[in-house]
Amino acid sequence: MANGATNAPDASTTDKAKLWFDSHSAGSGPYVIEAYTPKVEVVLARNKNYWGKAPYYDKVILKAIPDPGTQLMMLEKGDIDIAFNLGPEHVKQLKDKKGIEIKKAQSMTLTFLLMNRDPKIGGPIANPDVQKAIRLVLDYQGMQTIAGEGAITPVAPFQVGFLGTLPPRDPKTAQDIAKAKELMKKAGYEKGFKTTLEVATLAVEGMDLPTLAQKIQNDLLQISIETEIKTSDIMVALDPYRKGKQALSLWYWGPDYPDPNTQLAFLPGNSVGLRANWTAEMNPRLAELGKKAAVEVDQAARVKNLQEIQQMMDEDSAFDVLLQHARHYATRDNIQGTDYIDLYKINLKDVSAK
């Protein structure tokens, strides 16, 4: 509180402790923040007051290295011990390299398209038939190839691995260009239109988002939708995304907690749904089902509700889930305790050297 924190009812707007927390720790974990330089590195030091077994390292440095190729090179040279954001091509380059261990795991990270439902912002994109046409014209198999081995495509924004998630799409049959063209004609856009595809300049699970945007751009040309790709830094892109000001945009999402209820944010009238201006009134049945699912405690009933939500979102949604990513990373072979846990990614207290 001496540094601006408050627990008052208006804390969401009056708490001023963020800057202090950016460079200090006030928790009980195995490490505390020693230094923080935005977009450069975080230096963690062993917490002398940690209640559990002391971690192996006195200090851990987390470096921001956006380019996976640079990560690969530094790992090979021994400048870093863990390269955590590698793409499939980088992993191939590391195969059989002496002194390096390759790690793979299924992540809960999703990449998705946001399609705004407000005609004043989305224009033709706001039409539900156009949105369904977009879902049908995209080449999910090609996108999975870009993302690398282990990538899958859920039918809705519910990750495979969560309770009640339906099996992923078959990428070989999910694309239906003829039906997509029929829907464009039904919507009155047989000759297509022009729009902007907004994307942040970063890599997600080793996959470059602008590269995926180019793939989407080419796929949409098959139904005469011409897109101008607009790139920006993630911190710049977040503002219009959160305010619902993007017509068509490419985004990623990791669950806030390990339960399917966190994904209900994508439903109409909920926080992420409203970023696409998808209001509860636009699909009241789905919105009500979401409210019911949020409070259901019987497991069988939860599964039923969640699967019905996914089936409905497969037919009508302001989002198209493109990928659920696999995680590809590599370590020096003398490093242990780096197994992937989606909640923590890597639990640093378990990391040690052989």
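This briefing walks through the strand pairing, salt bridges, aromatic contacts and a surface patch of the structure above. Please keep in mind that the model is predicted. The structure holds 23 salt bridges and 13 aromatic pairs, and a selection of both is described here. The tour starts with the strands, since some of the charged residues sit in them.

**Strands β1 to β4**

- Strand β1 (residues 31–37) runs antiparallel to β2, and 6 bridges join the two.
- These two strands, β1 and β2, make a hairpin with 3 residues between them. In the turn, Lys39 has a positive phi of about 65°.
- For a handy register mark in this pairing, look at Ala35, whose bridge partner in β2 is Val43.
- Strand β2 also pairs with β3: the two run antiparallel and are joined by 5 bridges. Here Leu44 stands opposite Val60 in β3.
- As a reminder when viewing these strands, side chains in a regular strand alternate between the two faces of the sheet.
- Further along, Ala83 has its place in strand β4 (residues 82–83). With a relative accessibility of 0%, Ala83 counts as buried.
- The C-alpha atom of Ala83 is 6.5 Å from that of Leu72, and the two residues are 11 apart along the chain.

**Salt bridges**

- Glu41 and Lys63 meet through their side chains in a salt bridge, at 3.1 Å from N to O. Glu41 belongs to strand β2 (residues 41–46) and Lys63 to strand β3 (residues 59–63), so this pair ties together parts that are 22 residues apart in sequence.
- Both ends of that bridge have some access to the surface: Glu41 is partly exposed at 22% relative accessibility, and Lys63 is partly exposed with a relative accessible area of 46%.
- Which residue does Arg117 meet in a salt bridge? The partner is Asp316, and the N to O distance is 2.6 Å.
- The Arg117 and Asp316 pair links distant parts of the chain, 199 residues apart. Arg117 is in the loop between β5 (100–115) and α5 (119–122), while Asp316 is in the loop between α12 (299–315) and β11 (319–332).
- Are Arg117 and Asp316 buried or exposed? Both residues are buried.
- Asp239 and Lys243 form another salt bridge, with 3.3 Å from N to O. Asp239 is partly exposed at 41% relative accessibility, whereas Lys243 is exposed with a relative accessible area of 54%.
- Asp139, Lys215 and Asp219 are connected in a network of salt bridges.

**Aromatic pairs and a cluster**

- The structure holds 13 aromatic pairs. In one of them, the ring centres of Tyr56 and Tyr57 are 4.7 Å apart and the ring planes stand at 80°, so the pair is edge-to-face.
- Tyr56 is partly exposed at 47% relative accessibility, and its neighbour in the pair, Tyr57, is partly exposed at 21%.
- The rings of Tyr189 and Phe193 are also edge-to-face, because their planes lie at 75°, with 5.4 Å between the centres.
- How accessible are these two? Tyr189 counts as partly exposed at 25% relative accessibility, but Phe193 is buried, with a relative accessible area of 10%.
- One aromatic cluster is formed by Phe112, Trp253, Phe266, Trp278 and Phe319.

**Charges over rings**

- The charged end of Arg327 sits over the ring of Phe84, at 3.8 Å from the ring centre.
- Arg169 takes up a position over the face of Tyr140, and the distance to the ring centre is 5.7 Å.

**A nonpolar surface patch**

- Ile341, Leu343 and Tyr344 make up a nonpolar patch on the surface. Together these residues have about 310 Å² of accessible area.
- Where in the fold is Tyr344? Tyr344 lies in the loop between β12 (335–336) and β13 (352–353).
- Taken on its own, Tyr344 counts as partly exposed, with 48% relative accessibility.

Note on methods:
Residues are numbered from 1 along each chain as its sequence is written. This is a predicted model: local features need pLDDT of at least 70, side-chain atom pairs count only at pLDDT 80 or more; totals for chains, interfaces and linings use all residues. Side-chain values use heavy atoms; hydrogens and water are left out. Rings of Phe, Tyr and Trp (its six-membered ring) pair if their centres lie within 6.5 Å; planes under 30 degrees apart count as stacked, over 60 as edge-to-face and the rest as tilted. Buried means under 20% relative accessible area, exposed over 50%, partly exposed in between (1.4 Å probe, protein chains only). A charge sits over a ring if NZ of Lys or CZ of Arg is within 6 Å of the ring centre and within 35 degrees of the ring normal. Patches are made of residues with over 30% relative accessible area and no salt bridge: like charges are joined within 9 Å, nonpolar side chains (Val, Leu, Ile, Met, Phe, Trp, Tyr) within 5 Å. Accessible areas come from the Shrake-Rupley method with a 1.4 Å probe; for residues, only the protein chains shown count as cover. A salt bridge is a side-chain nitrogen of Lys or Arg within 4 Å of a carboxyl oxygen of Asp or Glu. Helices (H or I, at least four residues) and strands (E, at least two) are DSSP runs, numbered from the N terminus. Two strands pair if DSSP finds at least two bridges between them.
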